[in-house]
Amino acid sequence: MRQYIVAYQGYHSDTIIKDDQYFLLYTVKNLLWFSFPNFTLFSKELTGVEDNSIIRFANRMDQLPPYLFGMINKMKMDKRRNGDDVIDLGMGNPMDPTPNAVIEKLVEVAQDPKAHRYPESSGLPHLKKEIAKYYDRHYNISLDAVKETYFTIGSKEGISHLCLAIMGPGDSVLVPAPAFPIHIYAAVIAGANVMRIPIAPETDFLDRIARVCESCYPRPKVLMLNYPHNPTGVVTDKTFFKEIVTLAKRFKFMVINDFAYAKITYDGYVAPSFLEVEGAKDVGVEFGSFSKSYNMAGWRIGYCVGNEKIVSALGQIKGYFDYGIFSAIQVAGIIALRDCDNTIPELCKTYETRRDVLCSGLERIGWDIEKPKAGMFVWAKIPEPYAQMGAMEFAIQLMNKGNVAVAPGTGFSEEGEGYLRLALVENEERLRQAVRQMKKAMEQMKV
Ligand SMILES: Cc1ncc(COP(=O)(O)O)c(C=O)c1O
């Protein structure tokens, strides 16, 4: 069975049409498009689920489109099962090793039976102290380790649960778009309305926030930020964060900054923490991740720091859902924060070299590329006339004809149409090969 859902600016209504009523669907879609160009309509398969079935899901499930990376991964796995060597630039899932010292500590602590009990859910006291020291050392920010830090099972989990704690039906959230999916869907799952704001350029972005806040009632409750930004690679500076704090105080919204790519920066650019700005702690929090800085994506460890009340709300809701992170991972996390600053420049160099290889390769085959200054992705505009086929179709054809997996820009909302996101996770040789295969695939595409 197939169901159809109407979406407006990231907010998805209840299911409106079922059972392949194509004509009605077509009419509805066109009527909506005429009156509201921001409406989209997508469909998904609900295998085996009937209205009169015992197995029925919550309405909020209807608001979730199939997860982009899930679809891309499935196509990739199918091809690999058939013996194809797919070059995977789809997901930002690092393939490089975790620092040795961190692994050794994990193994050592895992031998201790005491480490296997339920852990301290907000984070081991030493780990909390270590993140406070880290923020002091890197950003000159003073944090109360007990009240202003909280460890999460990756930043994605933390952001999701924080949204459940601070927003609900009737609340609105401002999200820069295109967006990393959870920035939109954590709010959708919490029942809040999402208002997408195109991310660039900066002054425009600030003006739009002010205009939305002036014209909406009730006013937006939360602004979700993500600098360095995934997927676009847009970066920012402290002046921008100062303006954000001023707006937050004027219009009384909270700020969440997702700082997952804090340390992956190039060309001498240093990404500021949102908390570096005076008054930031009065209005918001920042999430950080071990996944990218230390290649620990599968370990599931991240943190939330900043406003004491927001951190405490996160702790309160998480108390109902989980018991925190395996203690051995937490102790290994102390080693990462304390002893692994020296591994980061090398990691950045690796990504920077890959970025240069991929960008110059794409330029050579006729793409107009802007090199990112941070993050682990290249946000690439699909050249004409290929852009007309749409990012999703282009990505599917690259996979089918070129054995290269990429993320279509539309997976990050409509603002990503016309773009692909290419992750810098494969080595230089594979990236060169990817460009060759992309060129060949494009030659075979009918445009
Ligand atoms: C912007 C952004 N935030 C959060 C995450 C997830 O981080 P974690 O592994 O800490 O949950 C990612 C992962 O790709 C990301 O791109």
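Trainee: Is R300 buried, partly exposed or exposed?
Mentor: Good place to start, and keep in mind that this is a predicted model. R300 sits in the loop between β10 (284–289) and β11 (302–306). A residue is buried with 20 or more other C-beta atoms within 10 Å and exposed with 12 or fewer. R300 has 18 such atoms within 10 Å, so the label is partly exposed.

Trainee: What is the phi value of R300?
Mentor: R300 is a residue other than glycine, and its phi is positive. The value is near 65°.

Trainee: And is N140 buried or exposed?
Mentor: N140 lies in the loop between α5 (125–139) and β5 (149–152). Its phi is also worth a look, being positive, near 60°, in a residue other than glycine. Inside 10 Å, N140 has 10 C-beta neighbours, and because 12 or fewer is the cut-off, N140 counts as exposed.

Trainee: Where is P228, the residue that follows the cis peptide bond from Y227?
Mentor: The bond from Y227 to P228 is cis, with omega near -10°. P228 itself lies in the loop between β8 (222–225) and α9 (238–251).

Trainee: What is omega for the peptide bond from E384 to P385?
Mentor: P385 belongs to the loop between β12 (377–381) and α14 (391–402). The bond from E384 to P385 is cis, with omega near 0°.

Trainee: How are α6 and α11 oriented to each other?
Mentor: Helix α6 (residues 155–166) and helix α11 (residues 308–321) pack with their axes 9 Å apart, at an angle of about 100°. Angles of 65 to 115 degrees count as roughly perpendicular. The two helices, α6 and α11, are therefore roughly perpendicular.

Trainee: How many nonpolar residues are in the contact of α6 with α11?
Mentor: On the α6 side the contact includes H161, L162 and I166, and on the α11 side it includes L314, K318 and F321. Of the residues in this contact, 3 are polar and 1 is charged. The nonpolar ones number 9.

Trainee: Which domains does the largest nonpolar core lie between?
Mentor: This core has 123 residues, and V173, A187, V255 and I256 have the most contacts inside it. Helix α12 (residues 327–339) gives the most to it, with 8 residues. Two domains both give residues, so the core lies between domain 2 (68–92 + 344–444) and domain 3 (100–339).

Trainee: Which residues does V173 touch, leaving aside its neighbours within four places in sequence?
Mentor: V173 is one of the residues with the most contacts inside the core. With those sequence neighbours set aside, its contacts are M167, A187, A192, V194, M195, P220, K221, V222 and M224.

Note on methods
Residues numbered from 1 in each chain as written. Predicted model: local features only at pLDDT ≥ 70, side-chain atom pairs only at ≥ 80, totals over all residues. Axes fitted to C-alpha atoms, helices over the stretch in contact; angles between N-to-C directions. Helix = DSSP H or I, 4+ residues; strand = E, 2+ residues; numbered from the N terminus. Parallel < 35°, antiparallel > 145°, perpendicular 65-115°, else oblique. Contact = placed C-beta atoms within 7 Å. Nonpolar A, V, L, I, M, F, W, Y, C, P; charged D, E, K, R; others polar. Core = buried A, V, L, I, M, F, W, Y, C linked by C-beta atoms within 7 Å. Domains from an automatic or database assignment.
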